[in-house]
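Here are a few exercises to work through with the model open beside you. Try each one before reading its solution.

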Amino acid sequence: MPPAVGGGLAGSELRPRRGRCGSQAARAVGPDVATEATTRSPKRPAPSSRRFEAPGRWALLALVTLMSFATRFHRLDQPPHICWDETHFGKMGSYYINRTFFFDVHPPLGKMLIGLAGHLTGYDGTFLFQKPGDEYEHHSYLGMRGFCAFLGALLIPFAYLTVLELSQSLPAALLTAALLTFDTGCLTLSQYILLDPILMFFIMAAMLSMVKYNSYANRPFSAPWWLWLSLTGVNLAGALGVKFVGLFIILQVGWNTVSDLWHLFGDLSLSMVTVGKHLTARILCLIVLPLALYTATYAVHFMVLNKSGPGDGFFSSAFQARLSGNNLHNASIPEHLAYGSVITVKSARMAVGYLHSHGHLYPEGIGARQQQVTTYLHKDYNNLWIIKKHNTNSDPLDPSLPVEFVKHGDVIRLEHKETSRNLHSHYHEAPLTRKHYQVTGYGINGTGDSNDFWRIEVVNRKFGNRIKVLRSRIRLIHLVTGCVLGSSGKVLPKWGWEQLEVTCTPYLKETLNSIWNVEDHINPKLPNISLDVLQPSFPEIMLEAHMVMIRGNNGLKPKDNEFTSKPWHWPINYQGLRFSGINDTDFRVYLLGNPVVWWLNLLSIALYLLSGSIFAVALQRGARLPAEVEGLSQVLLQGGGQLLLGWMMHYFPFFLMGRILYFHHYFPAMLFSSMLTGLLWDTLLRLCAWSLASFSLAGHVHTLGILSLLLGIAYSFYLFHPLAYGMVGPLAQDPRSPMAGLRWLESWDF
């Protein structure tokens, strides 16, 4: 049989493998088979051929990298307006430049890097990023897009090197690079101001670092081993620091590490001291180092964002006191609550906000048609309430009357300052939460009825104690029904301005839903104290930030008429996502994977499960496979197994998520499926070439197969590239459109 194409690990050239996978393969094969493989394998290539192998690899890597950057930076300035989620992440980059605090459901690293890229390339943070379609005009946006495109372009050489390390086959690596280079979906995601290319960069960098340090398993504690192990930890911190789904690559590296340590523990040639050193090295590089870096990103985040902004209301009163410009920053307010005070009441549950009312009524059929009471996350005059006695309308601020403090157990009335209606409840059912009572605003100029009376209680306090602003955790118990005021956290429909539902629950369990604290406090008859003593420590700030982000993520639900997708849609490329434009006169960009690439990936997963199962069963049963097939089966099972695990780790968890999901969530998994496709088809074609060794053209089967796949992928990109680079003219539904013949599925809406 002729030599293998591209210097890969093929039938007639079973190259010795370095690292854990290689050693496992040797142990699995056994001494007899290993000896047979040695005798049956032909001589190694002459020194002259090996001399050109390394330059060839570097030249191919350079070509792959050049193609990647060329496709990602082509027409990067188009369109010169906001596309899709650029409105969010561009705006957040501006917040960093302006040092304005904001809230987002993702960790801060990605937005910080976008802001830094914008700052270094001349963007001044003044563009509003209000809505998709707004023109950038004179504002410098290319630096932020260029940064994302740069990281997106690096995905291809990273994938190339990863597959090369796992398979030792240049054709497999080249096929992987082509799949990702010519995928319109990966291209589109890389060209805009988004978190996705940053997240995928760190995921792929962590994967590459992991397989590289695995390859140095026979040289533990050497400089390259420490380098790649440390880089794995750095990239894990980066992935988690961009989005919480970075946890999936952490789980994959964790599984690899546990498996590695288990094999080391079973190697009786190693002393327990050596095994302990291995364990310590991994704890330091894969746990301590990532945690330190992840914590450092938050330290920078809180240090930079020191000005009050639109995210204040999501956080506790003590947190807000540290933000310059917030009304609680360096503030002095009365310490104890008194009658006549104007106050805001904030829920102790993260990301619920302030007790709020406004002039709008509940609609017909939603309990009593009285004034709405909700919670609202932002500062607003409609959050202000006046605390009054339940049995008198006298003005507590009258200078002739003494100050009377509110005490634990008092019966009070809360009058809404802007509308003069009282906080009220009754036996009508709440709008969204069954078996809870409706809460409304009722009365005229503070005059209502006995359903306006509430007993104020401080959690874990005795009757008669004064109530402290900010510090006291209070409950409001309705005097007539005995229910407790709380917020369900459910988002009201448009008639409720998509604010959060307030109910009165008859179930008296002490939960954060029904616990409040008094934040703002205005009373001219009382002396003030400084709030500086209430500012939280850094660990408390970081813990609170994570609680708010987790709750925010869980609360992401689809709005009316908002496009979403389901996880089963993604691998089949069922439906794309509009990035820009909807009409035939618009510049349209449509996020859709190259169907040839995606359907080939889907077929490859099925083929891998079939072929991998056959080889696994054969090896488990002790079948004596030919040496060439033995080597290819180890590449398929071990290298392919790592990639299949990566695909599963980054895909199946989405089936368990209750939050809103979009098509772009699949792309990290798509990277792994593309790498698996490259490795699988190279291996299958080599097996075909080996099985046809008796035929004269057998040596060309592998070459022709790889070339056919490369040409097919490139041609499909030529057909579908307008999806990524932009289209103008008739929609694909119109027979006159040049894209009409490419609308292979009715669900594609370009």
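Over residues 701-720 the chain is 100% helix and 0% strand, with the end C-alpha atoms 29 Å apart. Helices (H or I, at least four residues) and strands (E, at least two) are DSSP runs, numbered from the N terminus. You're looking at a predicted model, where local features need pLDDT of at least 70, side-chain atom pairs count only at pLDDT 80 or more, and totals for chains, interfaces and linings use all residues. Residues are numbered from 1 along each chain as its sequence is written, and side-chain values use heavy atoms, leaving out hydrogens and water.

**Exercise 1.** Find what UniProt says about residues 701-720, and inspect residues 170-192 too.

*Solution.* Start with the record: UniProt's unreviewed entry lists both spans under "transmembrane region", including also 596-619 and 661-681. Such annotations may be inferred rather than shown by experiment. Next, check the model: residues 170-192 are 83% helix and 0% strand, and their end C-alpha atoms sit 31 Å apart.

**Exercise 2.** Work out how α10 and α11 are oriented to each other.

*Solution.* First, get the geometry: helix α10 (residues 223-242) and helix α11 (residues 247-265) have axes that come within 8 Å and cross at roughly 150°. Axes here are lines fitted to C-alpha atoms, for helices over the stretch in contact, with angles running from 0 to 180 degrees between N-to-C directions. Then classify: α10 and α11 are therefore roughly antiparallel (under 35 degrees is roughly parallel, over 145 roughly antiparallel, 65 to 115 roughly perpendicular, the rest oblique). Finally, list the contact (heavy atoms within 4.5 Å): Thr 232, Leu 236, Ala 239 and Leu 240 of α10 touch Leu 247, Ile 249, Ile 250 and Val 253 of α11.

**Exercise 3.** Do the same for α15 and α16.

*Solution.* Helix α15 (residues 595-620) packs on helix α16 (residues 627-649) at about 130°, axes 10 Å apart. That pair is therefore oblique. As for partners, Phe 615 and Leu 619 are among the α15 residues in the contact, while the α16 side includes Leu 644 and Trp 647.

**Exercise 4.** Describe how the rings of Phe 69 and Phe 73 are arranged.

*Solution.* Rings of Phe, Tyr and Trp (its six-membered ring) pair if their centres lie within 6.5 Å; planes under 30 degrees apart are stacked, over 60 edge-to-face, the rest tilted. That rule gives 51 aromatic pairs. Phe 69 and Phe 73 are a stacked one, at 5.9 Å centre to centre and 5° between the planes. They are 4 residues apart in helix α3 (residues 47-73), so about one helical turn separates them.
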